[in-house]
Amino acid sequence: MSATQRNLTTAFFAILMVGAVSPMVVGDAKFGQWLEVVLGGLMSGVLYSLVAIGLVLIFKASGVFNFAQGAMVLFAALTLVRLMEKLPFIAALVLTLAIMVALAWFIERLVLRPLVNQEGIVLFMATLGVANFLDGFGQAVWGSDIYTLDIGMPKEPKILFEGTFEGGLLVNMEDAMAALIAGLLVAALWVFFQKTATGRALRAVADDHQAAQSIGIPLNRIWVIVWSVAGLVALVAGVIWGSKLGVQFSLSQIALKALPVVILGGFTSIPGAVIGGLIIGLGEKISEVYLGPMLGGGIENWFAYVLALIFLLFRPEGLFGEVRIDRV
Amino acid sequence: MTVIYRETGQFKTTYASDQQLFPILQDRVFVIGFLVFAFGVLPFIGTEYLFLAIIIPFLILSLAAIGLNILVGYCGQVSLGTGAFMSIGAYSAYNLAVRVPDLNLLVVFILAGVFATIVGVLFGIPSLRIKGFYLAVATLAAQFFVDWLFARVKWFTNDSSSGNVSAPPLAIFGYAIQTPVQQYLLVLAIVCVFALIARNLTRGAIGRSWMATRDMDVAAEVIGIRPLHAKLSAFAVSSFFIGVAGALWAFIRLGSWEPLAFDVNRSFQLLFMVIIGGLGSILGSFLGAAFIVILPLALNQLPTALGIPLSTAMISHIEFMVFGALIVFFLIVEPHGLARLWAIGKEKLRLWPFPH
């Protein structure tokens, strides 16, 4: 990494930090209120991270930028919510997982294997097709209404630290639970990747396809596994998003936010996806609350992308990504 | 002899005859016949529904698809922001038409293209450092930013309270453009001119520099093609076409519209047209646009014709599935799309009725 690059990165985050803290200094914002915004931002950041982790997993193992991750989130959530109407929660969950594994197998067989050795951009466009297909298929099979997914998450917000700040601190318990689940998922993924034989094989494939194949790791099976794991991550993301917003088509669109997250965090790093998600979520909420009114509101929709775009210009590999991107 | 598709006996004795647009006589006859039909016959026999629901959308989307194809198919830079550049064309045209009422409609369309070009080059600058899906995300940034801009900044919509804007009555050189046939002829004329320009650009020096950059950027640079020029000119030409298409779409197809008319789904739709029609082919842009305009209509009619009535929601889901499956199918089986199938058909026809 060059010195300019390092300086620009530092400057970028310094500006972001100043931007995040400035409402406290210049505005008449209350500390408690600011802290609420920060917490809210971090929470939605956790949700972006969940989708981003799925993207990173697939990119590391197969070099495919999986645009269909959002569609997989929607599909998993729809499947679960409709199965729960007939079955108890645990049975529905297991069945949904089985369906996601089957989906991974189909994608590997029908899409990835015929396109093996193609350029990344071709595979990217193929996943665009997969995303479209899944959006249509999920809604054709399971219906396209808005379904409420109730898995017993605590709904009512809690007020903490009433003594410390004026008005207390309003914390959404559902978001806190979501953060907890996401943390558990990341921990489980870490154990899976670091401590199991399959995980080692996955890491080997991620490092070097050819070397991995030459020592007898079956690439095709690894891809099915990795897409299944991504399906599992999509299911967790779908459950959390779904119970927060209801299971509906827009889930698939929200997942587009995971793109700037992986750009910021780096395409090949799971910690990057988590931290990138937190930065994006935080930046988005703070800009919306404190900068939005000046610009007419609604800047949430593009803020993350513009942030990522600026970051791309001086650091295309992202915060923690490998410096392997061929630049022009 | 010309009845059978043979080029035997057509000798090229000058450079001009070798380099002309359609070197084979039968192709020329076919194209001229097709244009005569489109300009001279169709306006008299077409129904209003045919023009409004099929042909006008098809022509305008073809123009946008040509623009996108220049960028994606010829220069290899994937863009997911086509909808944004269409909306820049649409809103520039609207503002020009409202604020400068005496401006000729053609000038309005051209200037709309110019504004789209400026923004397109601006968002093309990242392409000098990044490529592939990184660039796709960068263009997605353009999409969401422009969506927001036209929805929230009231100046662009002339302070309309609902965000909806309407095109002024259309007139060109004193003739009012009102009936579907008049609209069709205007669009057809514009699209023909632009298709010709695109065809010639892509087979000229600039088009070759785009294709060289697409095939291998480092090698292109080594043989003396400046990547900056090649990429930014592709972005400029592409956005110009797309901007004009956006202005046409807004003024002629929609009449009155809101920013949602040009959202990210429009971008995807155009990308699908280009993939299905054929990457790097002007004809493919037309074929892809025709396919994507006609398929939903066919899907709407087919179940009823077969006696299985489906709900509209179900039809739209099936549409999603069909498009998704087709994208994957074409990428695997025929990456050059419908245009390649057409070319294969022509090759077969040259030999017909003999097998070799």
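**Confidence.** I began with where confidence falls and rises in chain B of this predicted model: the lowest mean, 79, is in strand 2 (residues 171-172) of chain B, and the highest, 94, is in helix 10 (residues 227-254) of chain B. For chain B as a whole I noted a mean pLDDT of 88, with 99% of its residues at 70 or more. The scores for the model are ipTM 0.81 and pTM 0.87.

**The end of helix 10, chain B.** I then looked up B:Leu254, which is found in helix 10 of chain B. Is B:Leu254 buried or partly exposed? I recorded B:Leu254 as partly exposed, because 16 C-beta neighbours lie inside 10 Å and burial needs 20 or more. Setting aside residues up to four places away in sequence, I found that B:Leu254 touches B:Trp249 and B:Ala261. I also checked B:Leu254 against B:Val153, which is 101 residues away along the chain, and their C-alpha atoms are separated by 21 Å.

**Chain A overall.** I listed 13 helices and 2 strands for chain A, and of its 328 residues 45% are buried. Taking the contacts in chain A between residues at least 6 apart in sequence, I noted that 73% join residues at least 24 apart.

**Where the chains meet.** I looked next at the two chains together, where 40 residues of chain A are in contact with 38 residues of chain B. On the chain A side, the elements that give two or more residues are helix 5 (120-142), helix 11 (258-265) and helix 13 (300-314) of chain A. Helix 5 of chain A supplies the largest share of that side, 17 residues. By residue type, I divided the side of chain A that touches chain B into 28 nonpolar, 10 polar and 2 charged residues.

**The largest nonpolar core.** Which residues touch the most other members of the largest nonpolar core? In this core of 205 residues, I noted that they are A:Ala77, B:Phe241, B:Leu248 and B:Ile327. Helix 9 (residues 219-245) of chain A gives the most to the core, with 17 residues. I followed A:Ala77 further and, leaving out residues up to four places away in sequence, found that A:Ala77 touches A:Leu149, A:Gly238, A:Val239, A:Trp241, A:Gly242, A:Val247 and A:Leu251.

**Two buried residues of chain A.** In helix 9 of chain A I picked out A:Leu232, which counts as buried because it has 21 C-beta neighbours inside 10 Å. Beyond residues up to four places away in sequence, A:Leu232 touches A:Leu97 and A:Met100. A:Leu232 and A:Gly199 are 33 residues apart in sequence, and I have them 15 Å apart in space, C-alpha to C-alpha.

I also looked up A:Lys60, in helix 2 (residues 31-62) of chain A. This lysine is buried, since 21 other C-beta atoms lie within 10 Å. Apart from its neighbours within four places in sequence, A:Lys60 is in contact with A:Ala206 and A:Thr268. I noted too that A:Lys60 and A:Arg203 are 143 residues apart along the chain, while their C-alpha atoms are separated by 8.3 Å.

**Helix 12 and helix 4, chain B.** For helix 12 (residues 282-306) of chain B I compared the span with expectation: its 25 residues should span 36 Å at 1.5 Å a residue, and the end C-alpha atoms are 35 Å apart, which agrees. Where does the kink in helix 12 of chain B lie? I placed this kink, of about 25 degrees, at B:Ile294, shortly before the proline B:Pro296. Buried residues in helix 12 of chain B include B:Ile282, B:Phe286, B:Leu287, B:Ile292 and B:Val293, and the buried residues of this helix pack against helix 3 (48-74), helix 7 (180-203), helix 11 (264-277) and helix 14 of chain B. After helix 12 of chain B comes B:Gly307, whose phi is positive, near 85 degrees.

I made the span check for helix 4 (residues 82-99) of chain B as well, and its 18 residues reach 26 Å from first C-alpha to last, close to the 26 Å expected at 1.5 Å a residue. Helix 4 of chain B is mostly covered, with 14 of its 18 residues buried.

**Helix 14, chain B.** My last entry is B:Leu341, in helix 14 (residues 337-351) of chain B. B:Leu341 is partly exposed, because 15 other C-beta atoms lie within 10 Å. B:Leu341 and B:Pro355 are 14 residues apart in sequence and 18 Å apart in space, C-alpha to C-alpha.

Methods: Residues numbered from 1 in each chain as written. Chains lettered and ligands numbered in written order. Predicted model: local features only at pLDDT ≥ 70, side-chain atom pairs only at ≥ 80, totals over all residues. Contact = placed C-beta atoms within 7 Å. Helix = DSSP H or I, 4+ residues; strand = E, 2+ residues; numbered from the N terminus. Nonpolar A, V, L, I, M, F, W, Y, C, P; charged D, E, K, R; others polar. Core = buried A, V, L, I, M, F, W, Y, C linked by C-beta atoms within 7 Å. Buried ≥ 20, exposed ≤ 12 C-beta atoms within 10 Å, placed from the backbone. Expected span 1.5 Å × (residues − 1). pLDDT = per-residue confidence, 0-100. Bend = angle between axes of the 7 residues up to and from the residue.
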